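Here are some worked exercises to try with the structure open beside you. Have a go at each task before you read its solution.

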Amino acid sequence: MQIVLIEGDGIGPEVTQAACRVVAATGVKIDWVKGPAGIPAAERYGDPLPDETLEMIRRYRVALKGPCTTPIGKGYKSINVRLRQGLGLFASVRPVNTLPGIRTPYEKVDLIVVRENTEGLYAGMEHEVVPGVVESVRLITRGAAERIVRFAFELARHHGRRMVTFCHKADVMRLSDGLFLEVARTVAEDYPFIQFEEKPIDNVCLELAMDPSGFDVLVMENLFGDLISDLGAGLIGPAGPGGGLGLVPGANFGTQYAVFEAVHGSAPDIAGKGIANPIAVIRSAAMLLEYVGRPEAMAKIERGVAGALQAGEGLTRDLGGTGTTNSITDQIIKHMGA
Ligand code: ATP
């Protein structure tokens with residue numbers, strides 16, 4: 001099976017290599033086809049996301065991606081935004097769940113953040129009206145709103161989830177989130193067996209901070225989803241630099257392609273030191289394996305991660321240990337079992 005591997009930059013090459021080792025240890029044979037992106041690609045090809053990388057993903061359909069930095073101030077558009085728009089990756093999925101051995105204020109967090117990936121403020125449509133005045137466009141369309149809410153309900157159905165919460169700010173952005181909310185209510189009627197709730201995004205933040213156990217699947221527009229994903233990583237992570245960023249996996253889905261990546265960025269402060277936590281990318285690779293029809297390999301990796309965290313050996317610094325990317329990877333492989 002051929003799958004595209006985007007190593008990215010910063011800690012990207014270190015953590016994606018760890019993920020490839022773990023995937024190999026599951027016994028699933030993957031021929032990784034490397035696609036350049038990020039700072040090395042900008043230096044080599046003059047573009048941090050060369051067309052050939054996009055073409056590769058179109059050819060092989062599935063990719064595992066490390067974090068990629070978009071060079072600032074050189075006129076480049078965000079790599080992630082280009083990838084998502086160029087491949088029609090309209091849905092981002094981030095499972096946030098407590099893991100064994102990690103002490104957090106909350107004992108049982110098990111939610112999935114579903115984020116619309118192509119519109120909203122995060123799409124970065126901005127222009128200067130006159131010097132000193134800029135305008136950002138918050139585009140919401142009925143088609144994209146319906147597609148993402150339906151995706152969230154289908155995901156809930158597939159995973160046997162009980163509730164979908166639609167997060168919005170319709171009381172202030174009456175037109176844009178008003179439309180989104182109206183669409184969400186209509187789609188929800190097609191899923192009477194799944195509970196539907198609608199909540200202002202500020203209330204969602206408050207409730208997540210107080211008691212996240214009441215949430216299940218959350219669906220929202222692009223920028224809200226960006227914020228809630230990091231908030232989620234904070235809920236399940238240890239108290240330390242990066243919180244749970246090294247733990248939370250993610251995936252971007254379109255109708256034809258899927259790109260799997262961790263929530264965290266390229267962490268330049270620790271890049272090249274061999275101390276980055278690879279678990280988020282390893283768990284993203286596990287999601288990839290489920291997507292390509294190997295759920296048993298995913299289960300094996302999740303078992304390995306849980307076992308390694310519980311044993312508490314070889315843990316990286318963000319998890320309170322003194323280990324390295326390699327030592328935690330070794331532990332995960334050790335705990336995967338035959
Ligand atoms: P971006 O804007 O690209 O999302 P960022 O600057 O917001 O990036 P990160 O690059 O994710 O954030 O880093 C935030 C903090 O978390 C840094 O201190 C970084 O070292 C830490 N961190 C992020 N990912 C990891 C990881 N996998 N292992 C250990 N620490 C990490």
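## Exercise 1: A residue in a loop

Task: Is T322 buried or exposed, and where does T322 sit?

Solution. T322 has a relative accessibility of 77%, and because the cut-off for exposed is over 50%, T322 counts as exposed. Keep in mind as you work that this model is predicted. Next, find the place of T322: the loop between α10 and α11 (325-336). Finally, look across to I275, which is 47 residues away along the chain. The C-alpha atoms of T322 and I275 are separated by 8.6 Å.

## Exercise 2: Two helices side by side

Task: How are helices α9 and α10 oriented to each other, and which residues make their contact?

Solution. Start with the geometry. Helix α9 covers residues 279-291 and helix α10 covers residues 295-311; their axes come within 7 Å and cross at roughly 160°. An angle over 145 degrees counts as roughly antiparallel, therefore α9 and α10 are roughly antiparallel to each other. Their crossing is left-handed.

Now list the partners. From α9 come I279, I282, R283, A286, M287, L289 and E290. From α10 come P295, A297, M298, I301, E302, V305 and L309. Sorted by class, this contact of α9 with α10 has eleven nonpolar, no polar and three charged residues.

## Exercise 3: Another helix pair

Task: What is the angle between α5 and α6, and what orientation follows from it?

Solution. Helix α5 spans residues 142-158 and helix α6 spans residues 176-188. They pack at an angle of about 40°, with axes 9 Å apart. Angles between 35 and 65 degrees count as oblique, so α5 and α6 are oblique to each other. The crossing of α5 and α6 is right-handed.

The α5 side of the contact consists of R142, A145, E146, I148, V149, R150 and F153. The α6 side consists of L179, F180, E182, V183, A184, V187 and A188. By class, the contact of α5 with α6 has ten nonpolar, no polar and four charged residues.

## Exercise 4: Reading a sheet

Task: How many strands form the open sheet, and which are the edge strands?

Solution. Walk across the sheet from one end to the other: the order is β2-β1-β3-β12-β11-β4-β5-β10-β8-β9, ten strands with mixed pairing. The edge strands, each pairing on one side only, are β2 (31-34) and β9 (195-200). On average, neighbouring strands of this sheet are turned by 25° against each other, direction ignored.

For a parallel pair, take β8 (residues 163-168) and β10 (residues 217-220), joined by three bridges. There, F166 stands opposite V219 in β10.

## Exercise 5: Strand β12 and its neighbours

Task: Which strands pair with β12, and are the side residues of β12 buried or exposed?

Solution. Begin with β3 (residues 62-65), which pairs with β12 in the parallel sense over four bridges. A63 of β3 stands opposite V259 in β12. Then turn to β11 (residues 251-253), which runs antiparallel to β12 and is joined to β12 by three bridges. A251 stands opposite F260 in β12, and β11 and β12 form a hairpin with four residues between them.

As for burial, strand β12 (residues 258-261) is covered on both faces. A258 and F260 on one side, and V259 and E261 on the other, are all buried.

## Exercise 6: A hairpin and some positive phi values

Task: Which residues have a positive phi in the β6-β7 turn and in the loops next to β3 and β12?

Solution. Strands β6 (residues 126-130) and β7 (residues 133-136) pair in the antiparallel sense over four bridges, and V130 stands opposite V133 in β7. The two strands form a hairpin with two residues between them, and G132 in the turn has a positive phi of about 90°.

R61 is not a glycine, yet its phi is positive, near 75°. R61 lies in the loop between α3 (51-60) and β3, and is partly exposed at 40% relative accessible area. A267, also a residue other than glycine, has a positive phi of about 40°. A267 belongs to the loop between β12 and α9, and is partly exposed with a relative accessible area of 22%.

Methods. Residues numbered from 1 in each chain as written. Predicted model: local features only at pLDDT ≥ 70, side-chain atom pairs only at ≥ 80, totals over all residues. Heavy atoms only, no water. Axes fitted to C-alpha atoms, helices over the stretch in contact; angles between N-to-C directions. Parallel < 35°, antiparallel > 145°, perpendicular 65-115°, else oblique. Left-handed = near helix turned anticlockwise from the far one by under 90°. Contact = heavy atoms within 4.5 Å. Nonpolar A, V, L, I, M, F, W, Y, C, P; charged D, E, K, R; others polar. Pairing = 2+ DSSP bridges. Buried < 20%, exposed > 50% of the residue type's maximum accessible area, 1.4 Å probe, protein only.
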